[in-house]
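Colleague: Got a minute to walk me through this one? I'd like to start with the basics.

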Amino acid sequence: MYEYLRRTWNRGGGPVADTSDVRERFAEGSLRLSTMLALVAAALALVGAAGWLFGLPILHQVLSSWPSMQPNTSLGLLLSAVAVLLLRSERPHRVRVLAILALATVVLILGSATLCEYLFRLDLGVDRLFV
């Protein structure tokens, strides 16, 4: 009886879980969550880009008192979402890894250029590249 209790209950008083099952469920849940969040991010980016393309301010600026989503922000968000969606496989193919790295590099360059514009008060034209 004691041996059975020792094997099935941990020291904290709860049942002992099969760690491989817990890890697998956590990995599956994390994959589903990352997929859903990447799809939401891509949808928001596409809605913002559509607002700029069709001249509909309500799509890129929800309220007039809020800042609008800039086209470069839309592009960066979309590229990031695509990279996350490409990363979903357990062992991605080399071409897929190169595509993910290329997307991440573009996002890094875009974000760094925008940050430099704000920090150094430069006008690199990043905000006008995609309008």
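Modeller: Sure. Helices here are DSSP runs of H or I with at least four residues, numbered from the N terminus. And keep in mind that this is a predicted model.

Colleague: Okay, so which residues make the nonpolar surface patch?

Modeller: V47, L53, F54, L56, I58 and L59 make that patch, which covers about 610 Å².

Colleague: And which helix gives the largest share of the nonpolar patch?

Modeller: That's α2, with three residues. Both α2 (19–54) and α3 (57–60) supply at least two residues each.

Colleague: Where does I58 sit, then?

Modeller: In helix α3.

Colleague: Is I58 buried or exposed?

Modeller: Exposed, because its relative accessible area is 57% and the cut-off for exposed is over 50%.

Colleague: New topic: how many residues are in helix α5?

Modeller: It has 27 residues, 94–120. From first C-alpha to last, α5 reaches 38 Å, close to the 39 Å expected at 1.5 Å a residue.

Colleague: Which residues of α5 are buried?

Modeller: I100, L103, L110, T114 and E117. Part of what covers them is α4 (71–86).

Colleague: What happens just after α5?

Modeller: R121 takes a positive phi there, about 50 degrees.

Colleague: Back to α4: how far does it reach from its first C-alpha to its last?

Modeller: The 16 residues of α4 reach 23 Å, close to the expected 22 Å. Its buried residues include P71, N72, S74 and G76, and L79, A81 and A83 are buried in α4 too.

How values were computed. Residues numbered from 1 in each chain as written. Predicted model: local features only at pLDDT ≥ 70, side-chain atom pairs only at ≥ 80, totals over all residues. Heavy atoms only, no water. Patch = residues over 30% accessible without salt bridge, like charges linked within 9 Å, V, L, I, M, F, W, Y side chains within 5 Å. Areas by Shrake-Rupley, 256 points an atom, 1.4 Å probe, with all protein chains shown as cover. Salt bridge = Lys/Arg side-chain N within 4 Å of Asp/Glu carboxyl O. Buried < 20%, exposed > 50% of the residue type's maximum accessible area, 1.4 Å probe, protein only. Expected span 1.5 Å × (residues − 1). Contact = heavy atoms within 4.5 Å.
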